[in-house]
Amino acid sequence: MTVSFGGEVAAHYAAFRRGYPAPVLDALADHVGLGADDVVLDLGCGTGQLAIPLAARARAVVGMDPEPEMLRHARAAAERRGVRNVTWVLGADTDVPALAPLVGQHGLGLAVVGQALHWMDSDRLFPALAPLLRPGGGIAVVSNGTPLWLRATDWSRALRDFLQRRLGRPLVATCGTDAADRHRYARALTAAGYREVRQVGHTYEHVLDLDRLVGEILSAMPPDELPPPDERPAFAHELGHALGGRREFTETVEVVALTAVAPGA
Ligand SMILES: C[S@@+](CC[C@H](N)C(=O)[O-])C[C@H]1O[C@@H](n2cnc3c(N)ncnc32)[C@H](O)[C@@H]1O
């Protein structure tokens with residue numbers, strides 16, 4: 001399936017998508033003994049949710065994504081935060097082998113894929129990444145909580161009903177965030193020779209206001225399903241109504257990283 005992440009999707013993503021909690025980033029760094037000499041690849045980097053904070057834990061980060069608009073926002077976010085050691089590269093999972101000459105003999109300390117593996121061919125990607133990793137280096141597949149409309153809360157169920165009515169289709173895709181997907185990825189990592197395939201989790205509570213909730217929903221909508229700009233106030237109003245007029249929504253965010261160490265070492 002091809003979905004465009006350009007234009008407004010990237011802008012909404014930059015404005016509204018949450019980042020990753022520090023304990024998860026620390027766990028990823030510990031997992032491979034990430035050091036000041038290491039290079040990290042963030043594949044499907046989007047607007048830099050992983051690449052930018054990981055830059056403080058490595059010598060350099062390559063943020064790679066096939067969507068130029070995502071990279072444009074990522075670069076702007078890095079500049080705003082004074083982060084100068086990320087290189088933004090236009091490319092998809094199929095371009096990973098082309099990174100070999102860039103990575104050189106030193107190899108990557110860590111390759112991360114955040115909330116994006118479901119767009120890629122993991123059975124090809126994992127073997128393609130293996131020769132780029134340094135001994136003891138590794139890979140982390142990170143999911144940043146299930147979609148807001150698939151949570152086990154009353155407001156999430158009401159949100160799902162509202163969106164399903166509006167879109168005229170059931171919303172069931174978990175976008176690589178559920179246990180079945182993780183098992184599939186774990187099996188593919190093992191099949192590709194990776195070792196110490198493990199799961200690291202971090203769960204926290206977060207309170208969203210209605211504006212933020214609407215923003216996060218817009219950031220998850222493909223361009224052809226986005227309400228036109230002049231209809232967004234009505235969209236927000238109707239959504240607020242469907243959610244019973246509440247202004248605050250407590251969510252439990254379960255961040256899970258599937259980690260594995262490079263084959264062979
Ligand atoms: C949901 S966003 C995730 C962004 C960010 N990594 C995060 O954790 O929030 C998915 C990203 O995957 C990118 N993507 C889609 N297909 C891809 C592919 N075949 N290879 C690499 N990245 C891809 C999209 O352009 C988009 O930026």
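This is a friendly chat about a few features of the structure above.

Reader: Hi! What kind of model is this, and how are residues numbered?

Author: Hello! This is a predicted model, where local features need pLDDT of at least 70, side-chain atom pairs count only at pLDDT 80 or more, and totals for chains, interfaces and linings use all residues. Residues are numbered from 1 along each chain as its sequence is written, and side-chain values use heavy atoms, with hydrogens and water left out.

Reader: Cool. Which residues of helix 6 are buried?

Author: Helix 6 covers residues 122-129, and S122, L125, F126 and L129 are buried there. Buried means under 20% relative accessible area, exposed over 50%, and partly exposed in between, using a 1.4 Å probe and protein chains only. Helices (H or I, at least four residues) and strands (E, at least two) are DSSP runs, numbered from the N terminus.

Reader: Why do they line one face of the helix?

Author: Looking down the axis of helix 6, its buried residues fall within an arc of 95°, so they line one face. That arc is taken from the directions from the helix axis to the C-beta atoms. In general, an α-helix has 3.6 residues a turn, so residues three or four places apart point the same way.

Reader: And what's on the other side of helix 6?

Author: D123 and R124, which are exposed.

Reader: What do the buried ones pack against?

Author: The buried residues of helix 6 pack against strand 1 (39-43), strand 4 (108-114), strand 5 (133-144) and helix 8 (179-191). Contact here means heavy atoms within 4.5 Å.

Reader: New topic: how many cavities of 30 Å³ or more are there?

Author: The structure holds 1. On a 1 Å grid over the protein atoms alone, a cavity is a set of points where a 1.4 Å probe fits but cannot get out; lining residues have an atom within 4 Å of a point. The largest cavity has a volume of about 70 Å³, and of the 13 residues that line it, the closest to its centre are V141, V142, S143, G176 and Y185.

Reader: Which element gives the most to that lining?

Author: Strand 5, with 3 residues. Strand 5 and helix 8 are the elements that give two or more residues to the lining of the largest cavity.

Reader: Last one: where is A98, and is it buried or exposed?

Author: A98 is found in the loop between strand 3 (86-90) and helix 5 (100-103). A98 is exposed, with a relative accessible area of 59%. A98 and A128 are 30 residues apart in sequence and 9.9 Å apart in space, C-alpha to C-alpha.

Notes:
On a 1 Å grid over the protein atoms alone, a cavity is a set of points where a 1.4 Å probe fits but cannot get out, and a pocket is an open set with protein on both sides within 12 Å along at least five of seven lines; lining residues have an atom within 4 Å of a point. Grid points are joined across faces, edges and corners, and a volume is the space filled by probe spheres set on the points.
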